[in-house]
Amino acid sequence: MTSVRLSVVHRLPQHYRWLDGFNGVKVEPLAATALNDENDLVGLTLLSHDGESAWQVMRELASSLADIQVPCSVVEIEGQPCLFLERDDECTTLCRLKNIGVAIAEPALAPHIA
């Protein structure tokens, strides 16, 4: 898991759900009116890796989450691997990833100037 410790993940800004009939395999964006859907998913993508190494890191992250019984799937979005999990598992996931040495990129907010 040494490549995991050099990883930076970023939360995708959009909400997703599993595409009908493709649970765990394909996702689709959720409309704003369906945001509290029971199938509401969070997507994480890597900022630190691309290509085959990104796929390997995502598989390692998914395996680490499986160790603590957080169900997730690695799905291709725009040619990149993304890790999808239920929104209710987001806090647990971020805690686990931080504990294994993964950096979490957060959007920067502009400072308020008085």
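How do β4 and β6 pair, in the parallel or the antiparallel sense, and over how many bridges? β4 and β6 pair in the antiparallel sense, and they do so over five bridges, where two strands are said to pair if DSSP finds at least two bridges between them. The model described here is predicted, so local features are given only at pLDDT of at least 70 and side-chain atom pairs only at pLDDT 80 or more, while totals for chains, interfaces and linings use all residues. Residues are numbered from 1 along each chain as its sequence is written, and side-chain values use heavy atoms, with hydrogens and water left out.

**The chain as a whole**

The chain holds two helices and seven strands, which follow one another along the sequence in the pattern β-β-β-β-α-β-β-α-β. These elements are DSSP runs numbered from the N terminus, with helices being H or I runs of at least four residues and strands being E runs of at least two. Of the 114 residues in the chain, 37% are buried; buried means under 20% relative accessible area, exposed means over 50%, and partly exposed lies in between, with a 1.4 Å probe and protein chains only. Among the contacts with a separation of 6 or more, 60% are between residues 24 or more positions apart, a contact being heavy atoms within 4.5 Å.

**The strand β4**

Six of the six residues of β4 are buried, so this strand is largely enclosed by the rest of the structure. In a regular strand the side chains alternate between the two faces of the sheet. In β4, L41, G43 and T45 lie on one side and V42, L44 and L46 on the other, and both faces are covered. Besides its pairing with β6, in which L44 stands opposite L83, β4 pairs with β1 in the antiparallel sense over three bridges, and there H10 has T45 as its bridge partner.

**Helix α1 and the cores**

Helix α1, residues 51-67, has 17 residues and reaches 25 Å from its first C-alpha to its last, close to the 24 Å expected, where the expected span is 1.5 Å times one less than the number of residues. Its buried residues are A54, V57, M58, E60, L61, A62, S64 and L65, and they pack against β1 (8-11), β4 (41-46), β5 (72-77), β6 (80-86) and α2 (90-99).

In soluble globular proteins, nonpolar side chains tend to be buried together. Here a nonpolar core is a set of buried Ala, Val, Leu, Ile, Met, Phe, Trp, Tyr and Cys residues joined through side-chain atoms within 4.5 Å. The largest one has 19 residues, of which V9, L61, L83, L97 and V102 touch the most other members. The elements that give two or more residues to this core are β4, α1, β6 and α2, and α1 gives the most, with six residues. Apart from this core lies another, of nine residues, among them W18, V75, C82 and F84. Leaving aside neighbours within four places in sequence, V9 is in contact with T45, L46, L61, L97, V102, A103, I104 and A105.

**The largest pocket**

V9 is also one of the residues lining the largest pocket, together with others including H10, L44, L94 and I104. A pocket is found on a 1 Å grid over the protein atoms alone, as an open set of points where a 1.4 Å probe fits, with protein on both sides within 12 Å along at least five of seven lines, and lining residues have an atom within 4 Å of a point. The volume of the largest pocket is about 160 Å³, counted as the space filled by probe spheres set on the points, which are joined across faces, edges and corners. β1, α2 and β7 (103-105) each supply at least two residues of the lining, and the largest share, three residues, comes from β1.

**Two loop residues and one helix residue**

Most residues other than glycine have a negative phi, and most peptide bonds are trans. The table lists two residues with a positive phi.

| Residue | Phi | Place | Relative accessible area |
|---|---|---|---|
| Q69 | about 65° | loop between α1 and β5 | 73% |
| E78 | near 50° | loop between β5 and β6 | 81% |

Q69 comes just after α1, and it counts as exposed, while E78 is likewise exposed. K98, which is found in helix α2, is exposed with a relative accessible area of 53%. K98 and V8 are 90 residues apart in sequence, and their C-alpha atoms are 10.0 Å apart in space.
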